[in-house]
There are 2 protein chains.
Amino acid sequence: MRMSEQRRTTIKDVAEAADVGVATVSRVLSGTGSASPATRERVLAAAARLDYRPSALGRNLRRRRTGGIGLLIPDITDSFYARLADGVLACAQSAGEPVMIGTTGDDPEREAELIGSLIEESVERVIAVPSGDGEMWGPAFRAGLGVVFAERPVRGREDVPAVVTDDRSGVRTAVEYLAALGHRRVAFLARHGQEQRVRAFREAMGALGLPVDEELIVRARATRDSAYAAAAGLLHHRSDLTAVLAGGNLLGEAAVLAARELDVRVPRDVSLIMFDDVPWAELCWPPLTVIAQPAQDMGYRAAELVLRQGRRTRGVVLPTELIVRGSCGPRR
Amino acid sequence: MRMSEQRRTTIKDVAEAADVGVATVSRVLSGTGSASPATRERVLAAAARLDYRPSALGRNLRRRRTGGIGLLIPDITDSFYARLADGVLACAQSAGEPVMIGTTGDDPEREAELIGSLIEESVERVIAVPSGDGEMWGPAFRAGLGVVFAERPVRGREDVPAVVTDDRSGVRTAVEYLAALGHRRVAFLARHGQEQRVRAFREAMGALGLPVDEELIVRARATRDSAYAAAAGLLHHRSDLTAVLAGGNLLGEAAVLAARELDVRVPRDVSLIMFDDVPWAELCWPPLTVIAQPAQDMGYRAAELVLRQGRRTRGVVLPTELIVRGSCGPRR
DNA sequence: CATCCTCATGGAAACGATTCCATCATGATT
DNA sequence: AATCATGATGGAATCGTTTCCATGAGGATG
């Protein structure tokens, strides 16, 4: 039974124990400045003996900044963002930087709140999958935050480095693959905010001389319910379509479920191709053909970028890869 | 182009602008102490005009603690832990508390490092899925951290509140279900650290008069590779077994994959039941029968517990639920 | 031998909040 | 009218670091 809350051992205690000034202790421990071997030894010994750990609070206040990285993602439950976060954590932890995480639910308002709280905590580096638009991020830049966007850039903030996948090439690959199988009426299930991919979709369809039917481009919010509603609506009302491109794994999941529910067989009745390779794509029946994105890599690279934040850094575009499994077939 | 790094507005600036002392500003803004309506008004106006946000750094140093909670999980890529984290975030964010996250990879050493870094940051509340044993956590308690364990308790630290699932009941339900289908030789694919479930398994088998074959209890580490090796080994060498109980979604995934690879049909050749309901369980073929665990709830409750950390708090045991889909059939 | 440079060292001033305590005004009580 | 209680207020101490600056010792150079 301990008597009471004992005081944390501070740099002062170490200084006394080693019989030197606090300045010397600080210098020795942080490795900056000079100190004679003899005192260095004494200080190190005292610190070890007292099991001293410098308080990040004191240091941060003095330095007027908090180490660490803020990470803002829409939904940690989504395998893509989980892998992204994993990459960020891998890099940050190997650099010894703590990570503060927040989920926005793709809601600009929540995002703004979280940005505010990061500023309050004096976090100076942020990796974000942005939900809001450019002005949402005004306070962040005014506060001098180092920001790196991931997965998607923000319109009007092209100066901020972003780590994204090569949407155009990914979409084109998918569309070309479907076209080669004879499909002409292909639908695109997109999430709000994937306008880049939508544009790429129109472009790729046009380039192949396929008709672009705006009604075959449907958008959903980033929830399972919304995704399911969109997928079911599409499959129900448009029995003329022969292929579906899902813009993300949530959309793909919804498409599989909706197809089963409506008794639409994949790939016999419609072919399905999904953005993002997830572990279950292989477990699914039929196994899903996907456009893989290096999510974990994306996080890692973003973390590298935000940590190096010194020289003028440009964004990164990561390649996608078509992985053919069993969810696409020739046009019926 | 901004001229230079402008200084952050501090409480002093607000005090000057409102023509009061800093103490008054602090009192008004934190709501403690008294202030006349007139000055309160002036202070609030000045704070709003200057867009003042108190620095958490200053506050924390003075209070000698950091708000917020630390969250330590083995792997954010695992749907179970992602949902757990989501629950923690939901609770923490609604309480306005920042969350510092770290992944241990189920490695006690990494866990110890992360605990150290939390102490350094003066984080005072931690939710952890523990990897190490009791002594690993010594420094944490010595530093006065409020700890809540999630998913599994730590042997020798029974005084620490833990939020867990009802393993005994979950395992028993699964085993009884399989037994009712006629299965007698059922295997248990466990992850290291699931000894609680292993014990429950032996117990449940024994209670039903089924033979407990220790060789049908295999353990894997918390990686996909290790899980696959374990599952494949089991299915390959023991063609006499008729049912498999997987201790987690990684194990279940591995079992499905291994079965397919070895041309073992589910549920015709072996029945499969998995701990943890994940979105893909329904997408899988056959759809997986599972023992659902309220992962997100678990995180939420753990966060509640660690935030209330005041009165003597006991742990929580959450119920499981059998969800029958299509991966179990009568004994062949 | 005088001067200068370098290095080791410790005192003290930040950093930005909270909070104790003393002061002062005002109105109530004796 | 004298005393007291109450509430508003600001100065200053404090939290645990880092870092600037002054000091002094000692060796090298003239």
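This report describes the nonpolar cores of a predicted model and its contacts with DNA strand D.

## Basis of the values

In this predicted model, local features need pLDDT of at least 70 and side-chain atom pairs count only at pLDDT 80 or more, while totals for chains, interfaces and linings use all residues. Residues are numbered from 1 along each chain as its sequence is written, chains are lettered from A and ligands numbered from 1 in the order in which they are written, and side-chain values use heavy atoms, with hydrogens and water left out.

## Nonpolar cores

A nonpolar core is a set of buried Ala, Val, Leu, Ile, Met, Phe, Trp, Tyr and Cys residues joined through side-chain atoms within 4.5 Å. Buried means under 20% relative accessible area (1.4 Å probe, protein chains only). The largest core has 63 residues, and Leu189(A), Leu288(A), Leu189(B) and Leu288(B) touch the most other members. A second, separate core of 54 residues includes Cys91(A) and Leu84(B).

Leaving aside residues up to four places away in sequence, Leu189(B) touches residues including Val218(B), Leu234(B) and Leu251(B); contact means heavy atoms within 4.5 Å.

## Surface near DNA strand D

There are 24 residues around DNA strand D, and among those that come nearest are Arg62(A) and Arg27(B). A residue is near the strand if one of its heavy atoms lies within 4 Å of it. Of the strand atoms within 4 Å of the protein, 62% belong to sugar or phosphate and the rest to bases.

A base oxygen of the strand is 2.4 Å from a side-chain N or O atom of Arg62(A). For Ser55(A), a backbone N or O atom lies 2.9 Å from a phosphate oxygen of DNA strand D.

Note on methods:
Buried < 20%, exposed > 50% of the residue type's maximum accessible area, 1.4 Å probe, protein only. Polar contact = N/O pair within 3.5 Å; in protein donor to acceptor, adjacent residues only side chain to side chain.
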